[in-house]
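Me: Please take a close look at one part of this model, the sheet and what packs on it, and then set that part within the assembly. I would like one connected answer.

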Protein chains: 6
Amino acid sequence: MTPTQPPYSGIRTFLGAPHARTCIEETDIAIAGVPFDIGTTYRSGQRFGPQAIREASLMLIDNDNPRFRQDPLEILNVLDLGDFDISIGDTEKSLQMIENQALACPARQLISLGGDHTISLPLLRALKQKHGRVALVHFDAHVDTWEDNFGTELAHGSPFYLAAREKLIDPQHSIQIGIRSPVENEVMDWTLEQGFTVVSAEQAHLSTPQVIAEQILACVGEIPAYLSFDVDSLDPSQAPGTGTPEIGGLWSWQVLAILERISQLNWVGMDCVEVLPAHDISQITALAGATVVWMYLGMLAKGKNSM
Amino acid sequence: MTPTQPPYSGIRTFLGAPHARTCIEETDIAIAGVPFDIGTTYRSGQRFGPQAIREASLMLIDNDNPRFRQDPLEILNVLDLGDFDISIGDTEKSLQMIENQALACPARQLISLGGDHTISLPLLRALKQKHGRVALVHFDAHVDTWEDNFGTELAHGSPFYLAAREKLIDPQHSIQIGIRSPVENEVMDWTLEQGFTVVSAEQAHLSTPQVIAEQILACVGEIPAYLSFDVDSLDPSQAPGTGTPEIGGLWSWQVLAILERISQLNWVGMDCVEVLPAHDISQITALAGATVVWMYLGMLAKGKNSM
Amino acid sequence: MTPTQPPYSGIRTFLGAPHARTCIEETDIAIAGVPFDIGTTYRSGQRFGPQAIREASLMLIDNDNPRFRQDPLEILNVLDLGDFDISIGDTEKSLQMIENQALACPARQLISLGGDHTISLPLLRALKQKHGRVALVHFDAHVDTWEDNFGTELAHGSPFYLAAREKLIDPQHSIQIGIRSPVENEVMDWTLEQGFTVVSAEQAHLSTPQVIAEQILACVGEIPAYLSFDVDSLDPSQAPGTGTPEIGGLWSWQVLAILERISQLNWVGMDCVEVLPAHDISQITALAGATVVWMYLGMLAKGKNSM
Amino acid sequence: MTPTQPPYSGIRTFLGAPHARTCIEETDIAIAGVPFDIGTTYRSGQRFGPQAIREASLMLIDNDNPRFRQDPLEILNVLDLGDFDISIGDTEKSLQMIENQALACPARQLISLGGDHTISLPLLRALKQKHGRVALVHFDAHVDTWEDNFGTELAHGSPFYLAAREKLIDPQHSIQIGIRSPVENEVMDWTLEQGFTVVSAEQAHLSTPQVIAEQILACVGEIPAYLSFDVDSLDPSQAPGTGTPEIGGLWSWQVLAILERISQLNWVGMDCVEVLPAHDISQITALAGATVVWMYLGMLAKGKNSM
Amino acid sequence: MTPTQPPYSGIRTFLGAPHARTCIEETDIAIAGVPFDIGTTYRSGQRFGPQAIREASLMLIDNDNPRFRQDPLEILNVLDLGDFDISIGDTEKSLQMIENQALACPARQLISLGGDHTISLPLLRALKQKHGRVALVHFDAHVDTWEDNFGTELAHGSPFYLAAREKLIDPQHSIQIGIRSPVENEVMDWTLEQGFTVVSAEQAHLSTPQVIAEQILACVGEIPAYLSFDVDSLDPSQAPGTGTPEIGGLWSWQVLAILERISQLNWVGMDCVEVLPAHDISQITALAGATVVWMYLGMLAKGKNSM
Amino acid sequence: MTPTQPPYSGIRTFLGAPHARTCIEETDIAIAGVPFDIGTTYRSGQRFGPQAIREASLMLIDNDNPRFRQDPLEILNVLDLGDFDISIGDTEKSLQMIENQALACPARQLISLGGDHTISLPLLRALKQKHGRVALVHFDAHVDTWEDNFGTELAHGSPFYLAAREKLIDPQHSIQIGIRSPVENEVMDWTLEQGFTVVSAEQAHLSTPQVIAEQILACVGEIPAYLSFDVDSLDPSQAPGTGTPEIGGLWSWQVLAILERISQLNWVGMDCVEVLPAHDISQITALAGATVVWMYLGMLAKGKNSM
């Protein structure tokens, strides 16, 4: 049934999902914003990312995804939790709070809307308790495996350095797509030595989504997979609203085409990070983020349907 | 108690008030967005005004208003209804729908967030059933008493022409502040002949808020009063995000100072219209709108407290 | 001869063409703005599209198109009519007015600058009287064959549903390129059942302009062809200034390369719609629209030259 | 009669006046854009000022000015000439061209839309042939009497230094309002020694429009008066779209109130300069410029009516 | 001597002052940026404030201040230190680093460019070692004497709560101008009980700069005075580029007029905080900040000259 | 060693290189801004290009280029000279000043940051004295070989017309990539007749970076090569901040991939022109320019290392 309210109407929740501050066990998917941005090394303002993604998701409400021919919200029980609590100006305390809130959520899966990329660390820490070590499918311009962020251990350049160290992710089954930033040779060498598969943006441009998708499938295999989508994986023309842009990035059509082709993975969670609306133009970055989350829901719904 | 969540967190409702699609009789104040903008004669996009005002209201949550020394949400039972349904591309049908929804709301008062100024007409039509003919306290750059809008009878230049004709408002007890737009002599003459008091923006600048407030109090008297706040009453520097700006406008400090001094009126409803976020800069127009609504709530709360 | 006035000079008409409110029969091409935007289901403001396209066309004045090696304005007699009258806030009346004005124009062809996509319907209604049922070559993110627009029959999601129903276009000879929006399965199924050829943006990316052009040529054949170019067919990075963006869109280089390769079609008219300057950045959306219209003029000029 | 076309419709000329590249002697007022901006010492882009002022003037079409209770275009025969030719990258040649074109215009008066302030010099040179030495009524943040512009004699800091030197203006009857920029003591001393009356923005704020108007009337007296309105006389909040902003500026309400009170001067021409749309927000600077020109037309129309 | 380089040229230091990472004892004034913004409770991005203020200061180079008739850089030995080191994501550590760097600077005075308002605390801690307890002259929309910031002790709402507690400032000799934000009654009561003089923005509007200046002079007296200028003291129309705007603010002309009248105070340091360029329009907020610092230098230069 | 200062800190020089107004002979590479923009035929404001490129280069500091696996500033001795002097409003004099300053610089190579494309002419004139006639590797939407610019000989459409005429460049060894603008047939014919190789943007899209790189290598051969990078070679979505955009442009990933493959050329200098920050969004155009210069430094560093 077509809704009678145009999409610019009403209180903004993600895809118009119902909102409650606490979720219940019947919830398939809980959506939580994580307005944390003090881990950024360049621009800040990602704290407004969750709301921007919600606002942009209006364009996607109440229709079928033409790739999957379904509306994921008709198949999955989705709840928008609002935003996780964080502590102003205190990274360590905030990360602990994020981890605790993720652990406290009884939904089958949690999708987190960032916020800067630091938040992947506490989310993966929480996930480990449920799924053990996971495979990382990581779209980004940066490897995010720095040991150090201009003198700080814990910030948005280091979540996967620590996640690998803490055995939250398995680098042998992890893959990074869109990589192209300046990076010290030692950081890149360490990353490759751990076993991460690194696909540069140029490689993606010179290849096809089908080939990249097969590379992901081969790398990840059967183990539980976590999707971490940093909007700066996209070209700055498609994602100007972010904190650490790098030219020469991925195209959104490539990302969507790749995701469609890896829906069969054993997905256990995702985050969409680094949307910075103060630098966006006409919400295009936020729309990219929202659409990727919508695609992820479509992948899950496809899996549920085929069960 | 200070909240532990910073204001950039969470689902956006007006001032963080609870949200429900239908209100109940215990509700003191229902807030409803009216995303109608097809009555505009210049720029459109006011359909996003309600959400912009909600978003800007974050800055005002959970603190006391220093003029009234209270937080209106601790005194009044406020509910955010979300947005009224409207009909795309059809003024007549939309206005009927707005009137019906206003009538169906059992709250003690309704505050409407526009949307363009056309919406004041159906809101006043609904109000008449409850309060009879009301006094209009109208902040605007334009008298909005045109008989015609470039060939159209019913649009945002004519709500108070029709409201006067339909005896929804009493021009003898109605006052317009901030007026300065180009206007045909016949329209201005008709307005004055009806009995409207017209205070130009220049008069306000050459006078003081105290004097203007006294003028309003004297004009309105004891009869039920309706506040219609068009953000284009403000100078375009303070309200660039609107559809029909006129230079030389009121200052927001004047508006706040005037409102503080007319809190004793017998208020029965208000609307805040013509916020157009696509033309705003850093939400300043939306913040002005939100703050005026917050002041209005403060006036009501003061009245309730003094009861 | 090179002009001595730089392009930022002078009164803005499309490509600097002469302006008159009424055209005469010697006119090859009449350009008309259609500032109608109340059929939009998300953002409004397309009423300023015609002027934005005119302003952006300055960059294209007085030079040859390198693909066709001619300046279309040296070959074709082009007149800028200014904008069609519309009725504020009244879709039905406005569409009738647009149809009447299109019918009253004696130029050999009419090019319309939108405005939202609703306007294609009255333009096609007028065209039918001259050319009968036409083939539609339609660049868009959306199929625009919805039967319903959030409760409204006639809005920018439905022009081609009605055009097919009214036999203004022949779906068997009609093709839609760039399609990718969320869409109910029933709408897509109906569209395909009517015979429309639907080429998704992803298909275009995985193919070449030459192949797409051949597909268009094969689909349209010899019957009169109408070009409807919605700027949201382009990726939001290239066309942020529009009302209903969808990520993963076409590239402008693809569109230009396709158009160059289908110049031999029996063109009878075109529209360029959904330019929304309030959301544009540095006029890039308007420039895309203006360049596509300029390409269309080049196609016509090539045809005239080869006669 | 109310027009049936909304103001966002049609080809943009100033106030919708007819357009012709050459004017005739019956023309009361010729409007000419002067898209010259290479005399700027900070931001450039004022070449787009004329079109921005035309576009913003849409808001003022076909209504009466409430201060003068007339529509100047019903009283005066106004023609929009489009833009004067200039020479790219060559100040000297451009100024000669501007002077020649001003001289060639047989209209009773010329109103020029800048462009940067350098253009006042050739305009005053042309005016001298008709009216001899004139009084200057000059709204600006800067005295514009620098002998030197970072090594260049002729640029936007020096028009009135040269105009005084060339006896185009009479400093004893000239007044500058809104002055507040950093300025070398020698420049200010020279200016005062010539006899210019300098009214700082702070003086205007601490006084009233009535007092300032009386000061202007007393200073100018009966001799022919030329109005040069630099939008940077206004506060940057009201005129962000300009090249050399200075904080603490005039308010537009003050400017309008002053102009209303000096309509009886013997006006012989005006320019409105330094509108820079690339730095504007929602056209507010352009609207301020357009409104001041509209006020000037109102003053002339009042004079004509009273004849 | 007039410079031969236009102001848009060259490497940006504050007012074009020489740059060195360490200052020497002969330096009168050291300028230091403090790119710390993780103490913000609403918008972040003030880390780019220092550079924005430097960039905007270009407009003020190499000319005399018309109020003081001198160029402060010809009188004072000014050095731009660049920016202080801070620690990403760690408030406590950053504040210690700021204090240490301020202490290590041997210049006669330090002017700090923020950054968010949290930085005033470590700057005052460092200042205490040199001057003991100081008087605070504080322009702001907020009292900044909160004991708590949404669960955090140390953030931009609390510097003066802690400064009063730590006896860095003497509330009896401290004055806050422009105050108008929502504030819990307890916070305002505590502030007044400590002895702070609070001047609301409305009081400033209803009074004159001369009266406010006299109030400041009387409050501060002879003790060492520290100026803390938060750009959100200004109205959002004049300072949109900030993190926690409140409507109804001060005018920049008032601030300049007040400063001119309090130059005789025993100034020992200043900061200019909360410039957030990502939300600014055409640098007007940054220009306001830069001009206030330039005024402060003019006050110091006047004092030095009169010695 | 990782720096302890985040990239948003400190005085902006290109890549954080040391700044001095004069360079010495040991300097490998001198960077000079050329804030000249009066040769533009459409938008102006490129005078702020040099600073915008410096600011955007912050993102690239202190890391290795992943393509070359080195940080060019660790290998090359780079100095930022600040900006060249120019003469306001006088093209001829400015170009002479630019040439003189380029000649006076004893560094091994000069990299110039524009400014508009006119500046390539004096830079090539200076280069000729050192290297004789050079090969031009030219990325642009326009051939820039116009004999005339709307009546002006010397402007940004003509540098390579004059450079060919003056035998500063050898057209037989010169190649232009990204060409697509409207252009008179005579201009294009003349260009091809001189021997320039012209690669359209569409050809680049239908080919691969490897093929284009081979075409460049074959065309240029062993003679000294000069890189002129106009950001309008990029698509307007990736470079909105420029003066004469043309749709259908190159992608930044293609440019980077091509540059990586032509590092072995005998490079003797480069310029990066037409960055216009007032029309940019979130610095993406400036970042593209900065990254291309960084790639050029990487090519030089690779050559130096391999020596």
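**The sheet of chain C and its surroundings**

Reply: In strand S3 of chain C, C:Gln109 is the bridge partner of C:Ile29; the model in which this pairing is seen is a predicted one. The bridge belongs to the pairing of strand S1 (residues 29-34) with strand S3 (residues 109-114) of chain C, which run in the parallel sense and are joined over 6 bridges.

These two strands are part of an open sheet of 8 strands in chain C, whose order is S2-S1-S3-S8-S7-S4-S5-S6 and whose pairing is parallel. At the edges lie strand S2 (78-83) and strand S6 (197-200) of chain C, each of which pairs on one side only. From one strand to its neighbour the sheet turns by 15° on average, with direction ignored.

Helix H8 (residues 209-220) of chain C packs on this sheet, where it touches strand S4 (135-139), strand S5 (175-179), S6 and strand S7 (225-230) of chain C. The edge strand S6 of chain C is therefore among the strands that H8 touches, and the direction of H8 makes about 150° with that of S5 of chain C.Helix packing can also be followed in chain B, where the axes of helix H3 (residues 91-104) and helix H4 (residues 120-131) come within 8 Å and cross at roughly 35°. The crossing of H3 past H4 in chain B is right-handed. On the H3 side the contact is made by B:Leu95, B:Ile98, B:Glu99, B:Ala102 and B:Leu103, which meet B:Leu121, B:Pro122, B:Leu123, B:Arg125, B:Ala126 and B:Gln129 of H4. Sorted by kind, the residues of this contact are 8 nonpolar, 1 polar and 2 charged.

As for the assembly, chain C is in contact with chain A through 33 residues of chain C and 36 residues of chain A. Between them the two chains bury about 2800 Å², of which 60% is on carbon and sulfur atoms. On the side of chain A, the residues that lose the most area to chain C are A:Met59, A:Arg69 and A:Trp253, which together account for 24% of what that side buries.

A turn of 120°, with a shift of 0.0 Å along the axis, lays chain A on chain C with an RMSD of 0.0 Å. The two copies are thus related as by a three-fold rotation axis. The copies use different surfaces in their contact, since 8% of the contact residues of chain A recur in chain C. Among the residues of chain A, A:Ser237 comes closest to the rotation axis, its C-alpha lying at 3.2 Å.

Conventions:
Residues are numbered from 1 along each chain as its sequence is written. Chains are lettered from A and ligands numbered from 1 in the order in which they are written. This is a predicted model: local features need pLDDT of at least 70, side-chain atom pairs count only at pLDDT 80 or more; totals for chains, interfaces and linings use all residues. Side-chain values use heavy atoms; hydrogens and water are left out. Copies are superposed by least squares on the C-alpha atoms of residues with pLDDT of at least 70 in both. Contact means heavy atoms within 4.5 Å. Two strands pair if DSSP finds at least two bridges between them. Helices (H or I, at least four residues) and strands (E, at least two) are DSSP runs, numbered from the N terminus. Axes are lines fitted to C-alpha atoms, for helices over the stretch in contact, and angles run from 0 to 180 degrees between N-to-C directions. A crossing is left-handed if the near helix is turned anticlockwise from the far one by less than a right angle, and right-handed if clockwise. Ala, Val, Leu, Ile, Met, Phe, Trp, Tyr, Cys and Pro count as nonpolar, Asp, Glu, Lys and Arg as charged, and the others, Gly among them, as polar. Buried area is the accessible area (1.4 Å probe) that two parts lose on being put together, summed over both.
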